[in-house]
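Hi,

Here's the structure I promised to pass on to you. Have a look at it first, and then read my notes underneath.

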Amino acid sequence: MNTDYKGRTTHIDIRLTPEEKHIIEEKAAACGLTYSDFGRRVLLGYHPKHRLTEKEADAILTLRTARKDLQRIYNLINTRSADMKRQLFRNPALLKNWIESIDMLRRRWSDIIETLSQK
């Protein structure tokens, strides 16, 4: 017996129009599945997920980077005493750096929104 079937010995037939078959093949390809794997999963009640497009993957990577930057800012502020925070935020050089960093994050978020809206 062919090991590609992984113990599957029962076969079912479903009649489709050529258009229906084409739609199912496209959906399977979008999920990175074969026609049979897609059909099997749907018939078993699963909801196969579409693969991420390159734009979506790039957007997620950008979100992760932005999250790390926000976490660093949070940690920087959270680990300082109230007196130290007051001193830091009265420092013009620090405030300039802070504003530049926030602007960089704002641009990253704008890039994400633009990337996702171009789907």
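Let's begin with the largest pocket, which has a volume of about 870 Å³. Do keep in mind that this is a predicted model. Rolling a probe the size of a water molecule over the atoms shows where empty space is left.

Who lines that pocket? There are 23 lining residues, and Ile-12, Ser-36, Gly-39, Arg-40 and Leu-43 are the ones nearest the centre. Helix H2 (residues 35-43) gives the most to the lining, with nine residues. Sorted by type, the lining has 10 nonpolar, six polar and seven charged residues.

Now for some helices. Helix H1 covers residues 18-30, which makes 13 residues. At 1.5 Å a residue H1 should span 18 Å, and its end C-alpha atoms are indeed 18 Å apart, so the two agree. After H1 comes Gly-32, which has a positive phi, near 75°.

Helix H5 (residues 92-117) can be checked in a similar way: its 26 residues reach 37 Å from first C-alpha to last, close to the 38 Å expected. Zoom in on the start of H5 and you'll find a side-chain oxygen of Asn-91 within 2.9 Å of the backbone nitrogen of Ala-93.

One last residue to click on: Asp-69, in helix H3 (residues 54-78). Is Asp-69 buried or exposed? Its relative accessible area is 11%, and buried means under 20%, so Asp-69 counts as buried. Leaving out residues up to four places away in sequence, Asp-69 touches Met-104, Leu-105 and Arg-108.

Have fun with it!

Methods:
Residues are numbered from 1 along each chain as its sequence is written. This is a predicted model: local features need pLDDT of at least 70, side-chain atom pairs count only at pLDDT 80 or more; totals for chains, interfaces and linings use all residues. Side-chain values use heavy atoms; hydrogens and water are left out. Helices (H or I, at least four residues) and strands (E, at least two) are DSSP runs, numbered from the N terminus. Buried means under 20% relative accessible area, exposed over 50%, partly exposed in between (1.4 Å probe, protein chains only). Contact means heavy atoms within 4.5 Å. The expected span of a helix is 1.5 Å times one less than its number of residues. On a 1 Å grid over the protein atoms alone, a cavity is a set of points where a 1.4 Å probe fits but cannot get out, and a pocket is an open set with protein on both sides within 12 Å along at least five of seven lines; lining residues have an atom within 4 Å of a point. Grid points are joined across faces, edges and corners, and a volume is the space filled by probe spheres set on the points. Ala, Val, Leu, Ile, Met, Phe, Trp, Tyr, Cys and Pro count as nonpolar, Asp, Glu, Lys and Arg as charged, and the others, Gly among them, as polar. A polar contact is a pair of N or O atoms within 3.5 Å; within protein, one must be able to donate a hydrogen and the other to accept it, and residues adjacent in sequence count only if both atoms are side-chain atoms.
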